[in-house]
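Trainee: I should like to take a close look at a single part of this model. May I put one request, and have one connected answer?

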There are 4 protein chains.
Amino acid sequence: FHYLTGSEAAEMRKVRGTYSHKGTYGHALIIAGAEGKWGAAVLASKACLRSGAGLVTTHIGTQGADILHNAMPELMIQHDKAGTHFSNLPDLSDYDAIGVGPGIGKSDDTVRALKLLIQEAKVPLVLDADALNILADNLTWMAFLPKGSILTPHPGEFSRLAGSKLSHFESIEKQREISQKNGIYILLKGANSSLSFPDGRVLINSTGNPGMASGGMGDTLTGIITGLLAAQYKPLEAAALAMFVHGRAGDLALKNQSVESLVASDLIDNLGKAFESLSHD
Amino acid sequence: FHYLTGSEAAEMRKVRGTYSHKGTYGHALIIAGAEGKWGAAVLASKACLRSGAGLVTTHIGTQGADILHNAMPELMIQHDKAGTHFSNLPDLSDYDAIGVGPGIGKSDDTVRALKLLIQEAKVPLVLDADALNILADNLTWMAFLPKGSILTPHPGEFSRLAGSKLSHFESIEKQREISQKNGIYILLKGANSSLSFPDGRVLINSTGNPGMASGGMGDTLTGIITGLLAAQYKPLEAAALAMFVHGRAGDLALKNQSVESLVASDLIDNLGKAFESLSHD
Amino acid sequence: FHYLTGSEAAEMRKVRGTYSHKGTYGHALIIAGAEGKWGAAVLASKACLRSGAGLVTTHIGTQGADILHNAMPELMIQHDKAGTHFSNLPDLSDYDAIGVGPGIGKSDDTVRALKLLIQEAKVPLVLDADALNILADNLTWMAFLPKGSILTPHPGEFSRLAGSKLSHFESIEKQREISQKNGIYILLKGANSSLSFPDGRVLINSTGNPGMASGGMGDTLTGIITGLLAAQYKPLEAAALAMFVHGRAGDLALKNQSVESLVASDLIDNLGKAFESLSHD
Amino acid sequence: FHYLTGSEAAEMRKVRGTYSHKGTYGHALIIAGAEGKWGAAVLASKACLRSGAGLVTTHIGTQGADILHNAMPELMIQHDKAGTHFSNLPDLSDYDAIGVGPGIGKSDDTVRALKLLIQEAKVPLVLDADALNILADNLTWMAFLPKGSILTPHPGEFSRLAGSKLSHFESIEKQREISQKNGIYILLKGANSSLSFPDGRVLINSTGNPGMASGGMGDTLTGIITGLLAAQYKPLEAAALAMFVHGRAGDLALKNQSVESLVASDLIDNLGKAFESLSHD
């Protein structure tokens, strides 16, 4: 176990070359949202755009398309065949990183589309929320996840993945075990988030605050990791840097908010300052 | 009668534990809005999200769903069966606090749905605006309100509840009487809002300003109380702290606005600073 | 001719009483917008809400309703029977001030509805943009305008009202003549806006800047005047104070913008500071 | 080759006369967006409005109209006959400058409508993105572009126009050649954008940063050039000043963002400061 320090996070951050262009930073795909939960797609997509991706496309039911467009004009939208939820897999060949899960629900065709995504994806996936709940219902899929995929469960979601409710200490052991067995990264969210690597190492996060105990914070983390992956970060650095920056942005956002008033959008508004703060760590 | 001081309000404010999570702060339900008045739902829901609730779901006619999503991506939306107004009661088992009334109108099925809500709710309700007008038309329902419920009438709405127009002094006496008789809290809004408890005590508010005499300020108060209830505040503390913080946020908002230009959204933008200001009272 | 000074404008500004409430500041009605020009309704309505009105309702075709709700949750919306433009007169009994014209177009049923509005209104009207163009096509209606009504033409619209293109000096003479003849106020917009009273006096404005030469600035002025009328200002003070504050807000907005980048929304964002600045004039 | 300095850019900037009005600064037309890419129209239109145009109309499929209205109330919208993309040419007689291309796609009727636009336009066109891709498929149209038109390809789009992939040095030579042959301006975007004139001169840009390597930055540049053309700038000054100010706005936006978090909307928010900064160069 090791606490990730600010200077370690700072070392992971890449300097951008002068002659880079939007292609250099990749094209991210976000699959999120369903009727009543389109906001999850907004938060993940906005965070992704503000975390290094050159381009971001959100795959979404038509009912949610205008909401995404209104939220951020830089986003491109791809319509799902079903109006209200994720039901069909788009052509994946354009995308350098894929984040899936926030607010997608567990409809039958969503389950099938997720299965297909896991089978077809040639890049690491970031799986969160309902994608993890579906995975927990189909644990055999775990072995088919693209190597280097990143799972971001909160404790409830992790219990389902692990098959039983565990103490905090047991959780970290189980987390390490699942990571090693499947060659994946697991970011177990909480007051001190822990990130397990396929090689058995575990990093503990040192940023964040209790004001972040509110809806949408996880969607935002999914977006940040996916954005960094698109921008050519390796899964290890993408997951670790995202974990640190996510908490740091929450800490910075608290300067103009209180623990009661803080919301995930505030955190997104502080991503720039959070990345910049690494220069001073 | 007692003027609520800043230090008393500060004492009511709960410190958040390091290991708390979004479940700790509860799931609030807002029932608000109807055709032409969807903004009331926006204001109540945003204020709720910025006042401590872990999760907020807004129950709303489909016509209003996109407006809510556009206003705040952290919100979850539950569609009413009627497109344009509140007509059917959702499953209440998920919710720790319920705020109802801003902009809902008085359609027949709204009246029936509100009656059902009062009968079925197992948690205290916050009733405002049209919910109070409907209650005034059906005073026998008063006895069936969940214990600890909070009513937030303005003087016009209170007259209807009291059955006659009263002087300011008579109002407070009548307010105290209704609170005691029904085991409920009444927050009578005005230049010096008064909050009556079931035990006969009355608190008078000391924050706020004449710039707050504009539409939507009440919707915002409903949201704040509901958010605090979701976050495990007792009704007494939720109502008193909300009353104080609401006025304080209005006072802080005035620093960048004038009495003419101040609107309810400015107040919501200042909720974080208002909660934080309690540390200095 | 007299240049309106800051201290004169400051004297017109009313102090708000402690025990005032939203009813004290009146209910304004904005009639604006049509297909492709819904933004005109947004600007007029937002400016109205930020200029003292207790409540603002916008009467608008259904196609524009969500745009208005998205723009400002404090607004209430009343649907016109036609989806795309102003075609029917709502019940006027609730309203203390009415602003009409920005972006309404000149459809036949719009012309009829405007005629009816002029006949039925019991409060002064603020007429702008297409309402003035319709009036120019029907000059006999001028005599039926409610006493104290305020017209806000730009030079092109004024030429149509006056029946011929006039030099700047001739314009002011003609403006004074039309005001006296019809018992109305005319605010002729331009670099130095001139405001003529029914008693023959003319005030010249001293605020504003060339960055305000862009679309939507007039819609904003209509909203400010209507907001002040709702808040119980007399037409003379409402028109004069609005003219001054509108230009002042534009001047303040320029501190964070350039003449090229300034837009009407910036001006609305600075209305609070503009009203407050009067204390220092 | 010449590096455009800040003081040269400052000299190009026009002072606004006191008695100018919105007509003085012209009416710009933006043709942009299609299903899934409405945001491109938002960015181009907003940038245009904040770059000097007196009025801006966006021609857009009905599906995108509300998104544009929500983004900026100062915009006017003209509906295309097709709901989802650019398919028919509007009456061009009202417009002083026309920007076309961001996000329009390459549908058959879009190709036909663009051809008609090139044939009918009596003012210089700004062509970007898919308009350039269509042009690359129909190189004979190049000779029919209105004199003084401005093309803004990124290197990929330029390769298609040039007919082959070229080294950086070869690109500039080819760029100069195409400009001279067709009497047009070409702004080849990149880390050091180059702007070629019909007379053979080439200006190299000195502003901008690697944070601008993300989606939507080009749409924004199209809007700025079109706005300056509407405001009576000659094509040479419009293109050169826009190139400089676009990069400067990106540099200023970086003060509150990081290279990872910067998005095109941040740049638009800093256009005012970028224009103002020219006074200090």
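Trainee: Are B:Tyr185 and B:Phe197 buried or exposed? Please examine this pair closely, and then place it in the wider structure.

Mentor: The model is a predicted one, and what follows should be read on that basis. Both B:Tyr185 and B:Phe197 are buried, a class that requires under 20% relative accessible area. Over all chains, the structure holds 4 aromatic pairs. In one of them, the ring centres of B:Tyr185 and B:Phe197 are 5.6 Å apart and the planes meet at 65 degrees, so the pair is edge-to-face. The cut-off behind that word is an angle over 60 degrees between the planes.

The two residues come from distant parts of the chain. B:Tyr185 belongs to strand β8 (residues 185-188) of chain B, whereas B:Phe197 sits in the loop between β9 (194-196) and β10 (202-204) of chain B, 12 residues apart.

The corresponding residues of chain D may be described in turn. D:Tyr185 and D:Phe197 form an edge-to-face aromatic pair, with 5.6 Å from centre to centre and 65 degrees between the planes. D:Tyr185 lies in strand β8 (residues 185-188) of chain D and D:Phe197 in the loop between β9 (194-196) and β10 (202-204) of chain D, so the pair ties together parts that are 12 residues apart in sequence. D:Tyr185 is buried, and so is D:Phe197.

Strand β8 also enters the description of chain C, through a helix that packs against it. In helix α6 (residues 155-162) of chain C, the residues C:Glu157, C:Phe158, C:Ser159, C:Leu161 and C:Ala162 are buried. The buried residues of α6(C) pack against β8 (185-188), and also against α5 (130-137), β7 (150-151) and α7 (168-182) of chain C. After α6(C) comes C:Gly163, with a positive phi near 90 degrees.

Another positive phi is found ahead of α5, in a residue other than glycine. C:Ala129 has a phi near 50 degrees and lies in the loop between β6 (125-127) and α5 of chain C. With a relative accessibility of 13%, C:Ala129 counts as buried. In chain A, A:Ala129 likewise has a positive phi, of about 50 degrees, although it is not a glycine. A:Ala129 is placed in the loop between β6 (125-127) and α5 (130-137) of chain A, and A:Ala129 is buried, with a relative accessible area of 14%.

Chain A may serve for the description of a whole subunit. Chain A has 11 helices and 10 strands, and its C-alpha trace spans about 45 × 45 × 40 Å along the principal axes. For 281 residues, a compact globule would have a radius of gyration near 19 Å; chain A has 17 Å, which agrees. Of the 281 residues of chain A, 66% count as buried. Among contacts in chain A between residues at least 6 apart in sequence, 66% join residues at least 24 apart.

Within chain A, helix α8 (residues 217-230) deserves attention. At 1.5 Å a residue, its 14 residues should span 20 Å, and its end C-alpha atoms are 20 Å apart, which agrees. Of the 14 residues of α8(A), 14 are buried, so the helix is largely enclosed by the rest of the structure. α8(A) is followed by A:Gln232, whose phi is positive, near 70 degrees.

A ring in chain A also takes part in an arrangement with a charge. The charged end of A:Lys14 sits over the ring of A:Tyr233, 4.9 Å from its centre. In chain D, D:Lys14 lies over the face of D:Tyr233, at 4.9 Å from the ring centre.

There remains the relation between the chains. A turn of 90 degrees, with a shift of 0.0 Å along the axis, lays chain A on chain D with an RMSD of 0.0 Å. That is the relation of a four-fold axis. The copies use different surfaces, for 3% of the contact residues of chain A recur in chain D. Of the residues of chain A, A:Asn70 comes closest to this rotation axis, at 5.0 Å (C-alpha). Chain A and chain C do not touch, and their nearest C-alpha atoms are 10 Å apart. Nor does any contact join chain B and chain D, whose closest C-alpha atoms lie 10 Å apart.

Definitions and conventions
Residues numbered from 1 in each chain as written. Chains lettered and ligands numbered in written order. Predicted model: local features only at pLDDT ≥ 70, side-chain atom pairs only at ≥ 80, totals over all residues. Heavy atoms only, no water. Least-squares fit on C-alpha atoms with pLDDT ≥ 70 in both. Contact = heavy atoms within 4.5 Å. Phe/Tyr/Trp six-rings, centres within 6.5 Å; stacked < 30°, edge-to-face > 60°. Helix = DSSP H or I, 4+ residues; strand = E, 2+ residues; numbered from the N terminus. Buried < 20%, exposed > 50% of the residue type's maximum accessible area, 1.4 Å probe, protein only. Lys NZ or Arg CZ within 6 Å of the ring centre and 35° of its normal. Expected span 1.5 Å × (residues − 1). Rg over C-alpha atoms; globule rule 2.2 N^0.38 Å.
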